[in-house]
Amino acid sequence: MMTKFFYASTNIIIGKNFRTDSIPKIWIDKGCKLEIGNNVEFRRSIEIRVHGKSQIKIGDNCRIDRGVRILSTNNAQISLGSGTRVGLYSIFNGGDSISIGKKCLISGFVYLQTSMHGFAEKSKPVQDQGYQHAPIVLEDDSWLATHVVIMPGITLKKGAVVGSNAVVNKDVEEFQVVAGIPAKPIKERN
């Protein structure tokens, strides 16, 4: 499919050999930027939103499965390193930056959450208390198994592995394997 024709714009750059089986839903504000590298593949029903003064960069040879939503806003920078794979229905909520290294595996139904509602004041509804933001970093060769949640401000160092259904609220060391709610170290990769 010739998707470049549908998205011709100065703030959208699409590399060579882009493939998709349907037209992705893309919302992009003036002053924002979306860059899609070479040999990238999108499956159906992908939604990308680029708001505020944010940017999204998808590196070469990435594959994004169906139903994935990537949202950047404020001044967030979301980047997916080359060769990264994102599983179906995963969500990247980028009120702050999300940096994903090369050759990472993000399984289906994963949630990367860089912002949380304020909730401290009893006299105000939660939805009126604004947000707190912190970036997320996944270094090269990280693997998030299905249904993982990564909380704001977390770094997964090179080769980290997170088991299915884990909620990660602390940094994960190089080649460490974590699991559980909250995620705790269970072993290291050899």
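In this predicted model, strand 7 (residues 55–58) lines up with strand 10 in the parallel sense, and four bridges hold the pairing together. One of the matched positions puts Ile 58 opposite Leu 80 of strand 10. Strand 10 also pairs with strand 13 (residues 98–100), again running parallel, this time through three bridges. Leu 80 turns up here as well, with Ile 100 as its bridge partner in strand 13.

Strand 10 itself covers residues 77–80 and shows two distinct faces: Ile 78 and Leu 80 sit on the covered one, while Gln 77 and Ser 79 sit on the uncovered one. That split fits a familiar pattern, because side chains in a regular strand alternate between the two faces of the sheet.

Next come two open sheets. One is built from seven strands in the order 3-6-9-12-15-20-23, with parallel pairing. Its edges are strand 3 (25–28) and strand 23 (167–168); each has just a single partner strand, so one side of each goes without a neighbour in the sheet. At the strand 23 end, two bridges link that strand to strand 20 (residues 149–150), and the two run parallel. Within this pair, Val 149 stands opposite Val 167.

The other open sheet has nine strands, ordered 2-5-8-11-14-19-22-24-25, and here the pairing is mixed. Strand 2 (19–20) and strand 25 (184–188) take the edge positions, and since each has a single partner strand, one side of each is left without a neighbour in the sheet. Strand 25 is joined to strand 24 (residues 176–179) by four bridges, and these two strands run antiparallel. Val 177, for instance, has Lys 187 of strand 25 as its bridge partner.

Then there is the packing of nonpolar side chains. The largest nonpolar core counts 42 residues, and the members that touch the most others are Leu 112, Leu 144 and Leu 156. Elements giving two or more residues to this core include strand 1 (12–14), strand 4 (33–36), strand 6 (47–50) and strand 18 (136–138). Strands 7, 10 and 13, the ones met at the start, are on that list too.

Leu 156 is worth a look of its own. Setting aside neighbours within four places in sequence, Leu 156 is in contact with Val 137, Leu 138, Glu 139, Ser 142, Leu 144, Ile 150, Val 162, Val 168 and Val 172. Among these, Leu 144 is another of the residues touching the most other core members, and Ile 150 belongs to strand 20.

How values were computed. Residues are numbered from 1 along each chain as its sequence is written. This is a predicted model: local features need pLDDT of at least 70, side-chain atom pairs count only at pLDDT 80 or more; totals for chains, interfaces and linings use all residues. Side-chain values use heavy atoms; hydrogens and water are left out. Two strands pair if DSSP finds at least two bridges between them. Buried means under 20% relative accessible area, exposed over 50%, partly exposed in between (1.4 Å probe, protein chains only). A nonpolar core is a set of buried Ala, Val, Leu, Ile, Met, Phe, Trp, Tyr and Cys residues joined through side-chain atoms within 4.5 Å. Contact means heavy atoms within 4.5 Å.
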